[in-house]
Amino acid sequence: MHRLAALSLCLALGACQGPNPYRAESLPLPPAPPTAATPFEPGVYPAPPRDYAAYRDWAWLHGRPPDGDAGLDAAQVQEILSAELDQRGLRPVRPGAEADLRVSAQLTLKRRIRIYRDYYDRFGGYYGYGHHWDRFGVWGRAPLVYRYEEQVLVVRIAFTAGTDGRRLWHGSGEARVDAERSGRARALQQAARLALQGFPP
């Protein structure tokens, strides 16, 4: 048995020293596509973050300020919006200079239905659902539901870069319009302030 095992091992070693019947062959690589010279992909390599502190001055987009709307004249709209931009550290561009930002604004007057639920009666007693008794001993009374219509002023403001024309940021805000004569101007001021709360992002 030992001789047979030694003979088999010698034959196996002799076969390993013989020529290899397999040869390494490879085909040439195909030529590179024309787009290989410009491998940049915007989706893979995002643009660097913008420095919003570098934006100091502004001008109206396409040189067209917003018109009068929602019961306000054009001069009043522009004055209120300019004042709110000034509160954010943005100044009107000097004549003849290129603005850092281009600003556009849109005003819309809308009507909304508000629903108000009153859990107190006119005598001051509480009533409602759950495990509560009112002081008059009434159990499980439903709340009084009031519906009323009100006007709200919606302001949308958008910023565009003055250098490349790309949209930088946009925001919106709304405020209820009072019945007073100055109510719409006050609503525009409040809505514009809310719209600019998120800038810079």
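In which strand is Glu150 found? Glu150 is found in strand β4; the points below come back to this residue after an outline of the chain.

1. Basis of the note. The model is predicted, so local features need pLDDT of at least 70 and side-chain atom pairs count only at pLDDT 80 or more, while totals for chains, interfaces and linings use all residues. Residues are numbered from 1 along each chain as its sequence is written, and side-chain values use heavy atoms, with hydrogens and water left out.

2. Overall layout. The protein chain has three helices and five strands, and along the sequence they follow the pattern α-β-α-β-β-β-β-α. Helices (H or I, at least four residues) and strands (E, at least two) are DSSP runs, numbered from the N terminus.

3. Burial and contacts in total. Of the 201 residues of the protein chain, 26% count as buried. Buried means under 20% relative accessible area, exposed over 50%, and partly exposed in between (1.4 Å probe, protein chains only). The protein chain exposes about 15200 Å², and carbon and sulfur atoms supply 55% of that area. Accessible areas come from the Shrake-Rupley method with a 1.4 Å probe; for residues, only the protein chains shown count as cover. Among contacts between residues at least 6 apart in sequence, 66% join residues at least 24 apart; contact means heavy atoms within 4.5 Å.

4. Salt bridges across the chain. The whole structure holds nine salt bridges, each a side-chain nitrogen of Lys or Arg within 4 Å of a carboxyl oxygen of Asp or Glu. One of them joins Arg50 to Asp164, with the closest N and O atoms 3.1 Å apart. Arg50 lies in the loop between α1 (2-16) and β1, and Asp164 in the loop between β4 and β5 (167-176), so the pair ties together parts that are 114 residues apart in sequence. Arg50 is partly exposed at 32% relative accessibility, and Asp164 is partly exposed at 41%.

5. A helix-to-helix pair. Glu84 forms a salt bridge with Arg193, and their closest N and O atoms are 3.2 Å apart. This pair links distant parts of the chain, with Glu84 in helix α2 (residues 74-87) and Arg193 in helix α3 (residues 183-195), 109 residues apart. Glu84 counts as buried because its relative accessibility is 5%; Arg193, at 44%, counts as partly exposed.

6. Arg91, Asp86 and a network. Arg91 forms a salt bridge with Asp86, the closest N and O atoms being 3.1 Å apart. Arg91 is partly exposed, with a relative accessible area of 42%, and Asp86 is partly exposed at 33%. Elsewhere, Glu150, Arg176, Asp178 and Arg186 are joined into one network by salt bridges that share partners. Glu150 is buried, with a relative accessible area of 10%. Not counting residues up to four places away in sequence, Glu150 touches Lys110, Arg111, Arg112, Arg114 and Arg176.

7. Asp57. This residue is found in strand β1 (residues 57-60). Which side chain of opposite charge is nearest to Asp57? That side chain is Arg94, 5.4 Å away, and Asp57 is buried yet has no salt bridge. For charge, Lys and Arg count as positive and Asp and Glu as negative; His and the chain ends are not counted. The side chain of Asp57 reaches the backbone nitrogen of Asp100 at 2.8 Å. Leaving aside neighbours within four places in sequence, Asp57 is in contact with Arg91, Pro92, Val93, Glu98, Ala99, Asp100 and Leu101.

8. Leu107. Leu107 lies in strand β3 (residues 101-118) and counts as buried at 8% relative accessibility. Its contacts, not counting residues up to four places away in sequence, are Asp69, Val77, Leu153, Val154, Val155 and Leu188. Leu107 and Glu174 are 67 residues apart in sequence and 9.7 Å apart in space, C-alpha to C-alpha.

9. Surface patch. Tyr116, Leu144, Tyr146 and Tyr148 form a nonpolar patch on the surface, with about 410 Å² of accessible area together. Patches are made of residues with over 30% relative accessible area and no salt bridge: like charges are joined within 9 Å, nonpolar side chains (Val, Leu, Ile, Met, Phe, Trp, Tyr) within 5 Å. Strand β4 (residues 144-161) gives the most to the patch, with three residues. Tyr146 is found in strand β4 and is partly exposed, with a relative accessible area of 39%.

Methods: A polar contact is a pair of N or O atoms within 3.5 Å; within protein, one must be able to donate a hydrogen and the other to accept it, and residues adjacent in sequence count only if both atoms are side-chain atoms.
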